[in-house]
Each structure stands twice: as C-alpha cells, then as structure tokens.
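Open your viewer and get comfortable. We will go from one selection to the next and say what is there at each stop.

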Amino acid sequence: MTEWLTDPLAFGFFVRALAALTLVSVLCAVVGSWVVLRGLSYVGDAMSHAVLPGIVAAFLAGGNVLLGAALAAVLSALGMNVLQARSGLKQDSATYIVFVGMFALGIVLLSRTPTFTSDLSHFLIGNPLGVTSTDLWVTAGAVLGVGGLLLGLQKELLLASFDPTEARAIGLPVRRLEQLLLVLIGLVVVLVTALVGTTLSVSLLITGAAAARLYARSLGQMMLFAALFGVLGGAVGLYASYYLGTAAGATVVLVNTVMFVLLLLARGRLARS
Amino acid sequence: MTHLSCEPHCYQPEALHARDLSVRYEHHTALHGASASFRLGEFSAVIGPNGAGKSTLLKAMLGLVPLSGGEVDYGGSADLQPHAAYVPQGQTLDWAFPVTVWDVAMMGRTGRLGWWHRPGPADRARAEQALRQTELWELRGRHIAELSGGQRQRALLARMLVRDAAVLLLDEPLTGVDTTTSQSVLALLRAQADAGRAVVMVTHDLEQAAHWCDQLVLVNRQVVASGTPEQVYTPANIEATFSVSHLGSAHGKA
Ligand SMILES: Nc1ncnc2c1ncn2[C@@H]1O[C@H](COP(=O)(O)OP(=O)(O)OP(=O)(O)O)[C@@H](O)[C@H]1O
Ligand SMILES: [Mg+2]
C-alpha cells in the first residue's frame, strides 16, 4: 500500500535528491523570509543570473564551478550595494545594472567555450537527481553556517528591516547588515541553482517564505511555516516527477507555485468565514 | 518604575544641547542656526507651523540628517545609553510586518543587549512594564496589523520606554490619538520627566503644551523663543513663529 512511497527510496540518487531538497528548503526558509520581508526578491532573481560568469569562468579555468558561482555572487552583491550607495539610485535599478552586466559577461565568456558541454548545461538547468554526497555535506554545512549566523543576528536584522530609522538611531550598522544579507542571498542562490538551475532558483528562495507570510504572526512562525511548505513541496514535487517522468527541478518549482496559490485561496476562505 | 537614580545627572542637568544647528536639504535650508537646551527632569514641547523644521530638529539631534553647521552635545548621559530614544512622526512603518506587539516592545532592548545576546528575564520584565504603562499588555500577542492607529502609536511609545534612555524625543505623539489616550500619553511623558529624563515632544497643541510642559521651544527655521510657557507665549513670539508664511520661504532664497 505504501509501496509507491518506498519504492523510489531504493535509488540512492532519489534519496540524495530528497535530502538535498529538504536541506535547501530549510536554508531557503531562513534566508527567504528576510528576502520577502525586505522586498528583495528581485535581488534573488538578479543574483541567479549574475552567477553565470563565475560558472563559465570556473569551467573554462577547470576550477570548481560552485566556487566560481559563489565568488561571482559575493562580488555582485557587494557591487550592487556600492553602486547604489555611490549613485543614489534606487536599489532595483542599481541591482539590474550590475546583473545585466554580469550576465552579459557570462554570455561573452560562454561564446569562448569551444563546446557547450553537458556539464555546464547541467548547472544552468540544474538537476536534483544529480546531487552527490559531497553536495549534501556542503549544503548541510551551509544550513548550519548561514542559519546560525542569521539566528544570531535576528534581533538586529529585525529592527533594521522593520524600522531602519530606529536602527540607525541606536547605532546599528544598517548598511553592513544589508550587505551581509545580499551576500547570503547570493550564496543560497548558488546552492539552489545546483538543484533547479539558475532560472528556477528564485522560486525555492521565496515561494515558501511568501506563502508563510500569509499565515505567520511572528518571524519565528514565518520561518517555521516556510520550512514546512518548502520541505513538503520538495517531497511532493520529487515523487510527482518520479512517477510522471517529468524534469525534477521544474516539477518541484511547479508544485511550490500551486501550493502557494492554494494557500492564498485558503486564506481568503478563512478570512471570510 | 526603573527610576533613573539621580546621581550623576543632577550635577549635569543639561542632557542635550543643540548649538547653532543648520540643516540643508537639497534645495532648502530647513534649519538655520537653531539652538536649544534640554535638561534632565524637564518636559519640553517643540512648537511651530508645518514645514518649520521641527522634525528636522529632532532628526538633527539624533544624527539622522547631516548637519551643515553647529553641533549637538549629549551632556551628562554618557553612562546611560549614548543615543536618545526616538518615536518618529506618523506611521511610515510596514504594519503588515510579521511581528506582535510584544516583539515591537522587545525591539527597544536591541541596542542595550548588544550583538549575539538574547533577551533575559530582566529584559522581559522591562517590556512587560512598558506594555502595562501603555495599556497594551492585554494586546501583547496581537499581530501589529490588527492594531488601531492609536494603539500603534502606543506600541512605539512602549518600545521607546523599554530603551531606558535618558533623553526621549517624540515627533507628534498626540497626532491621531483620541482625547483620553492623549491625556494618558501626556501623563506618561510627564512621569518620565519627573523620573529624571529629558523629554522632548513635537506638538501642534499649544494649550496642552502649556499645561504639561516645563519648557516650550518655538521653531520656525530657527528657534524663535524658548522658556517657560509664561515667558514664551507672547503675542510677538506667536506672531514671529506662525504668521510668516512658511510655504513661501520653501522656494525662496535659503
Ligand atoms: N528629506 C527631505 N528632503 C528635502 N526637503 C525636506 C526633507 N524633509 C523635510 N524637508 C523640508 O524641510 C522643511 C522642514 O521639514 P520638517 O519635516 O522638519 O518640518 P516640520 O516642522 O516637522 O513640519 P510638520 O509640522 O509638517 O511635521 C520643509 O520645508 C520640508 O519640505
Ligand atoms: Mg514634522
């Protein structure tokens, strides 16, 4: 009766994919909550494109692709922040200037690649079923590191997000906190990218947190709900792709989106009743 | 009440001194050589027409806007929190933010706790006390989106109290608040001053200011007059503060 649940678990790649999606969902819940609260979703989107030159450059140089992407993410994050501070532009404009530039650089580099190998395309499109146990360890480390850091800085981030003026009045380094957050968004996007590819990574980052915001009355609740939604969406999506024979990453994203819409409708119901 | 014990401050009663403050925004000088002193144990009101630079004066004293001249001196409060507690004007905050009334009060502890520290029993006790003083204790578990305008104002007031700062700066805390609440807010601020703090409030209510405050500061781009209500409320001062149309000067030579 429960065979349909246990059958796929006989495959190592399936178990690893499930574990990776679960870990990443927790990470995305913690970081994504801040992204949603501060209205930084577009940074996640921009970031997912800005990592391209890092990926291609690392690939051309024969280095670690993940490391290259992470480096590009950190550089873009700081670049956006500095550009915004220098130019006085709104953050969205500053962000997109950097991201389009980085993306173009990636394409230029890409045009220098002799053959567009499957290794590279894997990274661009992503594939949860290709997760290695090393990837899992890296992801687990990131969950602990990033999660611990954000938990430790929670009250400062909360004040800086809810009331930046008050945060400045008590002498918090509001801009440094923002830079930190941008860098963390970049790093998380890189990890997520390996699972679902650059274009779909934002979905994992924000959909769970956005759904959680509909129901949460406190930050802790928001992160908890976001993690639950994310883990659930990941598992359902993965099983669905297994039985339907569809692309795993995209199926997970689709399930997340459907879940968000259902939760939104359910809230409408609750509010009316 | 956590009374500020009167030890160091009684000898240095001047908590905050603004000397010749000038603030320029891009095309407009909002303040031009404004000077004022605020003493511990005193409740002061800053009064002036719209656009007179009252909010700017508070922000300048908090270091939130750059000064183009003058200086701000926080006298004897070095051993207390170095920064003053502030309640901004209006409700520019995102009230859909997922925080409860309790969380907002607790935010007042952020500066005091320092990095990486979590609030302990003493911090929670302070938050409880502030929420009781602002009559929000029963509503502590509410999401802030479910508060009325006056209750939101009181939540910010609670957060300010929790900071235990020696200097309290409030920008129009009585605006949008009903008469009963406004009386209790004024009584609360009066009590804070009597407990040894310097309380500075921007208000448009001249009558209440005269009734509750020790010092009135009339502002119109500069400090027109300051002193006790009897000293300050002269026809000449009122005329100088309110009759010059400020709307015109916004476009005139700065
Ligand atoms: N950020 C800003 N940029 C440019 N000009 C500003 C800015 N803030 C205020 N001003 C201008 O400076 C002047 C003083 O503004 P301020 O907010 O200090 O007035 P106020 O006395 O608090 O008025 P109100 O009673 O309406 O609150 C006004 O003419 C205003 O237009
Ligand atoms: Mg004002």
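Keep in mind that this is a predicted model. Start by colouring chain A by charge: it has 14 positive and 10 negative charges, and the mean positions of the two groups are 10 Å apart.

**Stop one: chain A as a whole**

Switch to a cartoon of chain A, and you will find 14 helices and zero strands. The radius of gyration of chain A is 19 Å, close to the 19 Å that the globule rule gives for 273 residues, so chain A is as compact as a globular protein of that length. Its C-alpha trace spans about 60 × 60 × 30 Å along the principal axes.

Now add a surface to chain A. About 12,100 Å² is exposed, and carbon and sulfur atoms supply 69% of that area. Of the 273 residues, 51% count as buried. If you draw a contact map, look far from the diagonal: among contacts with a separation of 6 or more, 75% are between residues 24 or more positions apart.

**Stop two: the magnesium ion**

Select ligand 2, the magnesium ion, and show its protein donors: OG of B:Ser55 and OE1 of B:Gln89, at 1.9 to 2.3 Å from the ion. B:Ser55 lies in helix H2 (residues 54-62) of chain B, while B:Gln89 lies in the loop between strand E5 (85-87) and helix H3 (101-107) of chain B, so the pair ties together parts that are 34 residues apart in sequence.

Which of the two is buried? B:Ser55 is buried, because its relative accessible area of 18% is below the 20% cut-off. B:Gln89, at 35% relative accessibility, counts as partly exposed.

**Stop three: A:Ser161**

Move to helix H9 (residues 154-162) of chain A and pick A:Ser161. This serine is buried, with a relative accessible area of 15%. Leaving aside residues up to four places away in sequence, what does A:Ser161 touch? Show A:Trp34, A:Arg38 and B:Phe97 as sticks: these are its contacts, and B:Phe97 belongs to chain B.

**Stop four: A:Arg267**

Finish in helix H14 (residues 248-272) of chain A, where A:Arg267 is found. At 37% relative accessibility, A:Arg267 counts as partly exposed. Beyond residues up to four places away in sequence, A:Arg267 touches A:Leu214 and A:Tyr215. Try a C-alpha to C-alpha distance label between A:Arg267 and A:Tyr215: they are 7.7 Å apart in space and 52 residues apart in sequence.

Definitions and conventions:
Residues are numbered from 1 along each chain as its sequence is written. Chains are lettered from A and ligands numbered from 1 in the order in which they are written. This is a predicted model: local features need pLDDT of at least 70, side-chain atom pairs count only at pLDDT 80 or more; totals for chains, interfaces and linings use all residues. Side-chain values use heavy atoms; hydrogens and water are left out. Helices (H or I, at least four residues) and strands (E, at least two) are DSSP runs, numbered from the N terminus. The radius of gyration is taken over C-alpha atoms; the globule rule is 2.2 Å times the number of residues to the power 0.38. Buried means under 20% relative accessible area, exposed over 50%, partly exposed in between (1.4 Å probe, protein chains only). Contact means heavy atoms within 4.5 Å. Accessible areas come from the Shrake-Rupley method with a 1.4 Å probe; for residues, only the protein chains shown count as cover. Lys and Arg count as positive and Asp and Glu as negative; His and the chain ends are not counted. The place of a charge is taken as NZ of Lys, CZ of Arg, CG of Asp or CD of Glu. Donors are N, O and S atoms within 2.8 Å of the metal (3.2 Å for Na, K and Ca); water is not among the atoms, so sites may look incomplete.
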